[in-house]
Amino acid sequence: MDKYICTVCGYIYDPQIGDLDSGIEPGTKFEEIPDEWVCPLCGVSKAEFERMK
């Protein structure tokens, strides 16, 4: 599963870890995260994330 990085603050979303504080369980692919989800560090939208190469 691909990791995604916030282009604003550098937070990395790792699907193997998820984002439990926001209710995103480990194993959740980035594409499966609700569009309302925001970066847990800086609060920008999911649209501001890019897939890491």
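# A guided tour from L20 to the aromatic cluster

Begin by selecting L20, which you will find in the loop between β2 and β3. Keep in mind throughout that the model on your screen is a predicted one. L20 is exposed, with a relative accessible area of 55%, and, once residues up to four places away in sequence are set aside, L20 touches E25 and P26.

Next, select T28, which is also found in the loop between β2 and β3. Is T28 buried or exposed? Residues under 20% relative accessible area are called buried, and T28, at 16% relative accessibility, counts as buried. If you show the side chain of T28 together with the backbone of E25, you can see that a polar atom of that side chain lies 2.7 Å from the backbone oxygen of E25. Leaving aside neighbours within four places in sequence, T28 is in contact with Y13, P15 and I33.

From T28, move on to K46, which lies in the loop between β2 and β3 and is buried, with a relative accessible area of 12%. Which backbone oxygen lies 2.6 Å from a polar atom of the side chain of K46? It is the backbone oxygen of I33. The charged end of K46 sits over the ring of F30, at 5.1 Å from the centre of that ring. Not counting residues up to four places away in sequence, K46 touches F30, E31, I33, P34, D35 and W37.

Now turn to the aromatic rings, for which a search of the whole structure finds 7 pairs. One of them is formed by Y13 and F30, whose rings are 6.0 Å apart from centre to centre, with 55 degrees between the planes, and this pair is tilted. The pair links distant parts of the chain, since Y13 belongs to strand β2 (residues 12-13) while F30 is in the loop between β2 and β3 (49-51), 17 residues apart. Both Y13 and F30 are buried.

Select W37 and F49 for another view of two rings: their centres are 5.2 Å apart and their planes stand at 50 degrees, so this pair, too, is tilted. W37 lies in the loop between β2 and β3 and F49 lies in strand β3, so the pair ties together parts that are 12 residues apart in sequence. W37 is buried, and F49 is buried as well.

If you then select Y4, Y11, Y13, F30, W37 and F49 together, you have a cluster that is linked by ring pairs. Add C6, I24, I33 and C39 to that selection, and you have the largest nonpolar core, which has 10 residues in all. Within this view, look again at F49, which touches Y4, I5, C6, Y11, Y13, F30, W37 and C39, not counting residues up to four places away in sequence.

For the last stop, switch to a cartoon view and find the open sheet of 3 strands, in which the order is β2-β1-β3 and the pairing is antiparallel. Which strands stand at the edges? They are β2 and β3, each of which has a single partner strand, so one side of each is left without a neighbour in the sheet. Strand β1 (residues 4-6) pairs with β3 in the antiparallel sense over 3 bridges, and you can finish by selecting Y4, which stands opposite R51 in β3.

Methods:
Residues numbered from 1 in each chain as written. Predicted model: local features only at pLDDT ≥ 70, side-chain atom pairs only at ≥ 80, totals over all residues. Heavy atoms only, no water. Phe/Tyr/Trp six-rings, centres within 6.5 Å; stacked < 30°, edge-to-face > 60°. Helix = DSSP H or I, 4+ residues; strand = E, 2+ residues; numbered from the N terminus. Buried < 20%, exposed > 50% of the residue type's maximum accessible area, 1.4 Å probe, protein only. Lys NZ or Arg CZ within 6 Å of the ring centre and 35° of its normal. Pairing = 2+ DSSP bridges. Contact = heavy atoms within 4.5 Å. Core = buried A, V, L, I, M, F, W, Y, C linked by side-chain atoms within 4.5 Å. Polar contact = N/O pair within 3.5 Å; in protein donor to acceptor, adjacent residues only side chain to side chain.
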